[in-house]
Structures are given as C-alpha cells and as structure tokens.
Amino acid sequence: MFKGKARAYTNIALIKYWGKKNETLILPMNNSLSLTLDAFYTETEILFSEEFTEDRFYLDDQLQDEKATKKISAFLDLARKKAGIAYKATITSQNFVPTAAGLASSASGLAALAGACNEALHLGLDDKELSRLARRGSGSACRSIFGGFVEWEKGHDDESSYAQPVPSNNFEEELAMVFVLLNDQKKDVSSRDGMRRTVATSSFYQGWLDTVEADLYQLKQAIHTKDFQALGETMERNALKMHGTTLAALPPFTYWSADSLKAMQAVRTLRNEGIPCYFTMDAGPNVKVLVEKKQEEIVRQAFSDLFSPQQVITAHAGPGIKIIE
Ligand code: 2P0
C-alpha cells in the first residue's frame, strides 16, 4: 500500500493559455503567465493498493462517474508507468472553494494529484519534473506547482514544456485579486472543447498567435519594473483578445454573461474615478479584478454593492504545492 497527500492552490493566467499544438502531450500554442492565489485550493490524497480492482475517485465526498474517473485513470497510468507498478488507486479530493462558485479548478486539482502521486509512489520528481507531469493532466495545472508569478514555457516536446517561477522582487505581495462570482446556470463550453474549437475554426485565432508574445514580453517588463498600470493594462487586453477569438469560432460562443459585462463596465467606472484596477476572465462568466492591496477594500465594496457580498472574494498571492503529512 502506498499513500500520499498534497495541497495545490489555484492560479489565474494574466497571459492566457489558449490552444494546444499537441492534444495528447498537452503542449500549448503559446507561453502563458499566471499568479498563484491563496484563497482557493485542492487537497488530494491517494492510496495505491494491490487489493483494489479499479480506480475510484471521490471529489468533495462524492464518488465520481465513469467519465471523470477515466480522465484521472489516464493520468494515473503515467505515474504508474514511472513507478513500474500496476496497482489501482482510491483518490479522495477536496476542493476548498465556495460551493457553486463555478471555480472548481482543474489547475489546483491536477497539480495536487501529481504531487500526491509523487509522494505516494516515491517518484522523487523535482518541481520542474512535477510541473511536466501535472501538465499531462491539465495544462494550467503545470503552473500551480509554484507560488507567485509563474510562466509556462510552451516548449516543443514533453521534455521542454513546463512552468517555472518568474523573478518578481516580491511584486506579487503588493497585489490582490478580487473574484466576482457570477455563476449563471448556462450550459458551459469546457475550456478544453472551447480552445479546440477556436484553434480549429476561428479566423481571429491567428491574430491571437501573432500578438501574444508581445503581450507576454510587456507583462514581464511590468513585473520587472513593478509597474502596476502596465501590468493591469496588458493583462486586461490579453484577456479581451482571448475572448474575442471565441466569437469567430464555428459555431461561435462566448463565456460572457450579462453580469460579466456589468462587472467589466464597473471596473472601467472605478478607473475613471481614479482607482486603478483591471479585469480578466477565463472559461466562464466570473470576473477577476486585479488591484493593489492598498485599494482592494474599495474594489471589494464596490462589487459587494453592485452584486452581493457573498459573490465577492478577495485573494492574494499564494504558495506552491505542499506535501501534507
Ligand atoms: C488559462 N484556461 O491560461 C486558460 C485561460 C482557461 C482560459 O488553462 O485542456 O483546464 O486541461 O489543458 O488547463 C483552462 O484550461 O485545459 C485554462 P486543459 P485547462 O488559465
């Protein structure tokens, strides 16, 4: 019997990962850069035993269906191959996010699972190797191995595609990200399907590829010089550009809801009133607002008034993966 447990925090991309050039290895089309956050995380325990006859995956105390378990089993096969064992496993995973927030994150989930496997099977992977393994589960998971600002180098094969911390002189300690939770009941296009459809069909996708490296360069410059305005402006326009590509996909789709637009407009209004803050969005309607810590309370209050206090959660920079004894 082999056992391991790990905790990984979620991350939000400031420069987005949007599109794969290799679906099996999960190699991305472009580098991405994220901030790991402290407010949302996943704890995962794994138990491998020769007595188990199948993989079982419990998420928040619920036994998961065949489809969800299959994705986990495929990932475990990679870890089992590295360890040279065939034992089946029981995985018990807890998401520490507010219920129904629409934030259930594959980034923290697959990173925690990779860390738990490393521990349980004594794989001895260092953080870079762990990042490569986590990537095979879910692209964004490779960034949750590390804390603070993290860049995923796209690479060109399994070996060369992994994340690493970005030198920041502790700039992340000055920042807050205010989550505005706008989960509507609309049926989602998963990020996996959404990016696949966009790469395959969107006439705007080439525009994304042509400019994302310049965005990344400018964002790294902003981190280097601790220029909050440049950081925010670059992040916001990169997110808008990513979401723009979905509008030209076939069939077209969008992750925005009416409330997302309302939140984006509120960010612009705050800026006009002299509060520097900037938004980003991912594969869902929630809006995340980047602000300096010294002004986070003004932003939290503004969105609590516009929506409700329960829909607003402030996060700060979070740490890398942790093994739990
Ligand atoms: C990101 N997203 O950079 C981008 C921005 C969503 C929008 O990474 O297919 O769950 O498992 O590699 O990592 C979400 O995609 O996708 C994501 P897979 P993943 O955060």
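How do the residues of the shell around the ligand divide into nonpolar, polar and charged? The split is even: 5 nonpolar, 5 polar and 5 charged. The model is predicted, and the account below starts at the ligand.

**Ligand site**

The ligand has 15 residues around it. Tyr17, Lys20, Ser138, Gly139 and Ser140 come nearest. Which element gives the largest share of the shell? Helix α4, spanning residues 191-201, does so with 3 residues.

Polar side-chain atoms approach oxygen atoms of the ligand from Lys20, from Ser140 and from Arg143. The distances are listed here.

| Side chain | Ligand atom | Distance |
|---|---|---|
| Lys20 | oxygen | 2.7 Å |
| Ser140 | oxygen | 2.7 Å |
| Arg143 | oxygen | 2.8 Å |

Each of these pairs falls within 3.5 Å, so each qualifies as a polar contact. How much of the ligand does the protein bury? Alone, the ligand exposes 470 Å². The protein buries 93% of that area. Lys20 and Ser140 appear twice in this picture: they are among the residues that come nearest, and their side chains also supply contacts to ligand oxygen, Lys20 at 2.7 Å and Ser140 at 2.7 Å.

**Aromatic rings**

Across the whole structure, a search finds 9 aromatic pairs. Which residues do ring pairs link into a cluster? Tyr9, Tyr41 and Phe96 are linked in this way. Tyr41 has a charged partner too. The charged end of Arg7 sits over the Tyr41 ring, 4.8 Å from the ring centre. Tyr41 therefore takes part in ring pairing and also lies under a charge, since 4.8 Å is within the 6 Å limit.

**Asp282 and its loop**

Where is Asp282 found? Asp282 lies in the loop that runs between β11 (277-281) and β12 (287-292). Leaving aside residues up to four places away in sequence, Asp282 touches Ile12, Lys16, His243, Tyr255 and Lys288. With one of these, Lys288, there is a side-chain polar contact of 2.8 Å. Lys288 itself falls within the range given for β12 (287-292). For scale, the C-alpha atoms of Asp282 and Ile223 are 21 Å apart. Along the chain, 59 residues separate Asp282 from Ile223.

**Backbone geometry**

Two loop sites deserve a check. Leu250 and Pro251 are joined by a cis peptide bond, with omega about -10 degrees. Pro251 is in the loop between α6 (228-247) and α7 (258-272). The other site is Asp60. Its phi is near 50 degrees, a positive value in a residue other than glycine. Asp60 belongs to the loop between β5 (56-59) and β6 (62-63).

Methods:
Residues are numbered from 1 along each chain as its sequence is written. This is a predicted model: local features need pLDDT of at least 70, side-chain atom pairs count only at pLDDT 80 or more; totals for chains, interfaces and linings use all residues. Side-chain values use heavy atoms; hydrogens and water are left out. A residue is near a molecule or strand if one of its heavy atoms lies within 4 Å of it. A polar contact is a pair of N or O atoms within 3.5 Å; within protein, one must be able to donate a hydrogen and the other to accept it, and residues adjacent in sequence count only if both atoms are side-chain atoms. Accessible areas come from the Shrake-Rupley method with a 1.4 Å probe; for residues, only the protein chains shown count as cover. Helices (H or I, at least four residues) and strands (E, at least two) are DSSP runs, numbered from the N terminus. Ala, Val, Leu, Ile, Met, Phe, Trp, Tyr, Cys and Pro count as nonpolar, Asp, Glu, Lys and Arg as charged, and the others, Gly among them, as polar. Rings of Phe, Tyr and Trp (its six-membered ring) pair if their centres lie within 6.5 Å; planes under 30 degrees apart count as stacked, over 60 as edge-to-face and the rest as tilted. A charge sits over a ring if NZ of Lys or CZ of Arg is within 6 Å of the ring centre and within 35 degrees of the ring normal. Contact means heavy atoms within 4.5 Å.
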